[in-house]
Amino acid sequence: MKVIGIVLIILGFLSLAYGGFSYRRDKTVLDLGGLEVHAQQEKALPISPIVGGVALLAGVLLVITDRRRA
């Protein structure tokens, strides 16, 4: 449980710090035999600060409760 808590703390912190992530996708726009035209699309996936805060809080609670059991 402690490891899961630490992972949630890290993910929650990163989510709050960056607010999401973006990625690029290579897409074939035109394909005419030997002629190919490609385009790169950049997409963003925002992550709500509420989700990051909940993950951070849940991770802290998991680490604290695991420490009390030991």
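Buried means under 20% relative accessible area, exposed means over 50%, and partly exposed is what falls in between (1.4 Å probe, protein chains only). With that in hand, here's a walk through this structure, which is a predicted model: local features need pLDDT of at least 70, side-chain atom pairs count only at pLDDT 80 or more, and totals for chains, interfaces and linings use all residues. Residues are numbered from 1 along each chain as its sequence is written, and side-chain values use heavy atoms, with hydrogens and water left out.

Let's start with Ala 58. Ala 58 sits in helix H2 (residues 49–69); helices here are DSSP runs of H or I with at least four residues, strands are E runs of at least two, and both are numbered from the N terminus. Ala 58 has a relative accessible area of 29%, so it's partly exposed. Its C-alpha atom is 7.0 Å from that of Leu 8, although the two are 50 residues apart along the chain.

Over in helix H1 (residues 2–18) you'll find Ile 10, and Ser 15 has its place in H1 too. Ser 15 makes contact (heavy atoms within 4.5 Å) with Gly 20, Ile 47, Ser 48 and Gly 52, leaving aside residues up to four places away in sequence.

Ile 10 also belongs to a nonpolar surface patch with Ile 6, Phe 13, Leu 14 and Tyr 18, and together they have about 550 Å² of accessible area. Patches take residues with over 30% relative accessible area and no salt bridge, joining like charges within 9 Å and nonpolar side chains (Val, Leu, Ile, Met, Phe, Trp, Tyr) within 5 Å. The areas come from the Shrake-Rupley method with a 1.4 Å probe, and for residues only the protein chains shown count as cover.

Now the strands. E1 and E2 pair antiparallel over twelve bridges; pairing takes at least two DSSP bridges between two strands. One of the matches is Ser 22 with Ala 44 in E2. The two strands make a hairpin with two residues between them, and Gly 33 in the turn has a positive phi of about 65°.

There's one salt bridge in the structure, meaning a Lys or Arg side-chain nitrogen within 4 Å of an Asp or Glu carboxyl oxygen. Arg 24 and Glu 42 form it, at 3.6 Å from N to O. Arg 24 is in E1 (residues 20–32) and Glu 42 in E2 (residues 35–46), so the pair ties together parts 18 residues apart in sequence.

| Residue | Relative accessibility | Class |
|---|---|---|
| Ile 10 | 47% | partly exposed |
| Ser 15 | 9% | buried |
| Arg 24 | 61% | exposed |
| Glu 42 | 54% | exposed |
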